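Colleague: Could you take a close look at one part of this model for me, the place where one chain touches the other, and then follow it outward? I'd like the cut-offs along the way.

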Amino acid sequence: MSTTPKTLFEKVWEQHVVVEPKGEPTLLYIDLQLVHEVTSPQAFEGLRLAGRKVRRPDRTIATVDHNVPTTIEGRLNIVDQIAAKQISTLRQNCADFGVELYDVNSREQGIVHVIGPELGITKPGMTIVCGDSHTSTHGAFGALAFGIGTSEVEHVLATQTLPQSKPQTFRISVEGKLPQGVTAKDIILAIIGKIGTDGATGCVIEYAGSAIRSLSMEGRMTICNMSIEAGARAGMIAPDETTFAYLKGRRFSPQGAAWDKAVEEWSKLPTDPGAKFDRELTIDAATLVPYVSWGTSPGMVAPVTSSVPDPAAAGNDLDRKSFERALEYMDLKPGTPLDKIAVDRVFIGSCTNGRIEDLRAAAKIAAGHKVSTHVHAMVVPGSQLVKAQAEKEGLDQIFKEAGFDWREPGCSMCLGMNPDILAPGERCASTSNRNFEGRQGRGGRTHLVSPEMAAAAAIAGHFVDIRNWEVREEVKA
Amino acid sequence: MEAFKTLTSTVAPLDRTNVDTDQIIPKQFLKRIERTGYGDFLFFDWRQTPEGKPVAEFVLNDPRYHDAKILVAGKNFGCGSSREHAAWALSDFGFRVVIAPTFADIFFSNAGKNGIVLVRLSEGEVETLLRNAETIPGYKLTVSLQDQTVTDDRGFKASFEVDPFRKYCLLEGLDDIGLTLRHAAELDKYETQHDHATWLQAK
């Protein structure tokens, strides 16, 4: 008997169809909703007004990340009363509706997209949503994970489902061996630069190919995380031995016989040979280099060895105007070599690059060096568990000795909703995901890079090609 | 949700591409726990200087567009953050329609849930509308959701695609949770079965 070959996405989608009403979107079951303080208060309020309950508190998990200060003193006494109110509102909502909360003082608090995977809550084959566009991160495990708005948060709280139109499928295969110094962050920046910030709108991307398979789970999460920056609804990577090895033994991973059963089921998920995608793109890993973003949209990226491009190259009038506006905002001139651009601040962290492997990579660059005297550099672990692990490995000492500021976990300067912001005009090498105008603080100028490139920029005081970096001390992991 | 049939209004031209939700409603206003009152903060960093003075050349500060309920912008409008506050701010400010060549997915969904009609026209048509709105005093468009058309009184006519179910919900002003709960019996049945898949449980 032959069956139609299916993609990873199609398998997950089909297993979650509750009902397909004629002429309406599919009603999709949601296995897990992650909740944070910023996009949930209005959703809980909606439930209250309608007299509804949270349908499945056991499939709902909350933490605080966006607003929390990243210093111990700041967390003990949150000065911003509006932020404090939002956090206490989440606390009250979780208590009222029976939702588990990883609160500010929890040993497992952290960025929502860091704690889901590290606690083993995120699993292959799940449908996962969160009122946060970087929910796509969880797709690294072969889950269908996507960001939603607050009305949808309320909808999932009330019904554990979402009406969804089936997206298209887009496979991006990165084949070959990644050159030295080229990271998962560079792969995704290259993809966004190539297909554009609306290049995958309406699509779920499956990242495939030998270069993707060779990545750790942390690297895969970095790639899936930024799928949204290419306009994609979600990004996915087929689960494999790397995935299972990461999940085994984590707090909420299945144990014993249930683990074996789970691996058996998860192993059925990868795309079948011959399955058809709506779109395909293949990238040769050997052509990739370290990238730096130069503009105010994540598609505005260029190799570190190149220069700020000329707006004259833009396709049409409107694009050229946006291009010119970006250069004006960034205070950059066409033709300036990217490695001559000096930075004032460095931010290593976020749901894109705030995991243990990211910190190890940055520490390896920083070891034995000193942060440039005119740079303030911060390292913000993605979660308490990442922080504890890094401290166990002595990474915090390496960073501190090099002159980095070692902080408490949270979203921090990725989006400037907490005290960590750029001053107007400050220029930052950032491992985060968005270089939008004002994203890290009004008037602040963000350049997106890998953790290695960010650490090197902190030390050199300007961007450098990490492939030429002098590693001074071996860091033992 | 307020139902939408037809709207005739002046048009505000925002000649920018990739307008992200961080610009539509900057983060400092996301700390509020209310669903209303975001209109004052729409495009906050573009509308006023850090010192709080209005930026005269920004389109929403131009008296010609003060009563505009239709916004026209470049491609990939609403990209970035999933914040529904962007839709709340546009709606609260008075916009009922946004016209652009393309919209980002999450914003598209959020707008629909707040009764905002998103109209996709070609880049050429959008450029024409931007130019008309900038140069013709009191330029107005009529958007008919029923007919799926955008027209002016000078002969411009464009039609747009809209998913039939989304159209139905917008025309009727229907709330999603109520719609889903029509399927409560199917949901209960599915969920009971699905809960056996222990490998898909959160905890």
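Modeller: Happy to; I'll begin at the contact and work outward from there.

This is a predicted model, in which local features need pLDDT of at least 70 and side-chain atom pairs count only at pLDDT 80 or more, while totals for chains, interfaces and linings use all residues. Residues are numbered from 1 along each chain as its sequence is written, and chains are lettered from A and ligands numbered from 1 in the order in which they are written.

Let's start with the contact itself. On chain B, 51 residues touch 70 residues of chain A, where contact means that the C-beta atoms, placed from the backbone, lie within 7 Å. Two or more residues on this side of chain B come from each of helix 1 (21-24), helix 4 (105-113), helix 6 (164-172), helix 7 (176-180) and helix 8 (184-194) of chain B; helices (H or I, at least four residues) and strands (E, at least two) are DSSP runs numbered from the N terminus. Sorted by class, the touching side of chain B holds 20 charged, 16 nonpolar and 15 polar residues. Here Ala, Val, Leu, Ile, Met, Phe, Trp, Tyr, Cys and Pro are nonpolar, Asp, Glu, Lys and Arg are charged, and the others, Gly among them, are polar.

Chain B as a whole has 8 helices and 7 strands, and its C-alpha trace spans about 65 × 45 × 25 Å along the principal axes. Of its 203 residues, 43% are buried, that is, with 20 or more other C-beta atoms within 10 Å of their own C-beta, placed from the backbone. Taking contacts in chain B between residues at least 6 apart in sequence, 72% link residues at least 24 apart.

Helix 4 of chain B, one of the contributors to the contact, deserves a pause. All 9 of its 9 residues are buried, so this helix is largely enclosed by the rest of the structure. Among them are Asp105(B), Phe107(B), Phe108(B) and Lys113(B). After helix 4 of chain B comes Gly115(B), with a positive phi near 70 degrees.

Which elements do the buried residues of helix 12 of chain A pack against? They pack against strand 19 of chain A together with helix 5 (123-135) of chain B. Those buried residues are Leu318(A), Ser322(A), Phe323(A), Ala326(A), Leu327(A) and Met330(A). Helix 12 covers residues 317-330 of chain A, and its 14 residues should span 20 Å at 1.5 Å a residue, which agrees with end C-alpha atoms 20 Å apart; the expected span is 1.5 Å times one less than the number of residues. Just past this helix, Asp331(A) has a positive phi of about 55 degrees.

Strand 19 leads us to a sheet in chain A. This open sheet has 5 strands in the order 17-16-15-18-19, with parallel pairing. Strand 17 (405-406) and strand 19 (445-448) of chain A are at the edges with a single partner strand each, so one side of each lacks a neighbour in the sheet. Strands pair when DSSP finds at least two bridges between them. Strand 17 of chain A is joined to strand 16 (residues 376-379) of chain A by 2 bridges in the parallel sense, and Val379(A) lies opposite Trp406(A) of strand 17.

Key
Two residues are in contact if their C-beta atoms, placed from the backbone, lie within 7 Å. A residue is buried if 20 or more other C-beta atoms lie within 10 Å of its own, exposed if 12 or fewer, and partly exposed in between; C-beta atoms are placed from the backbone.
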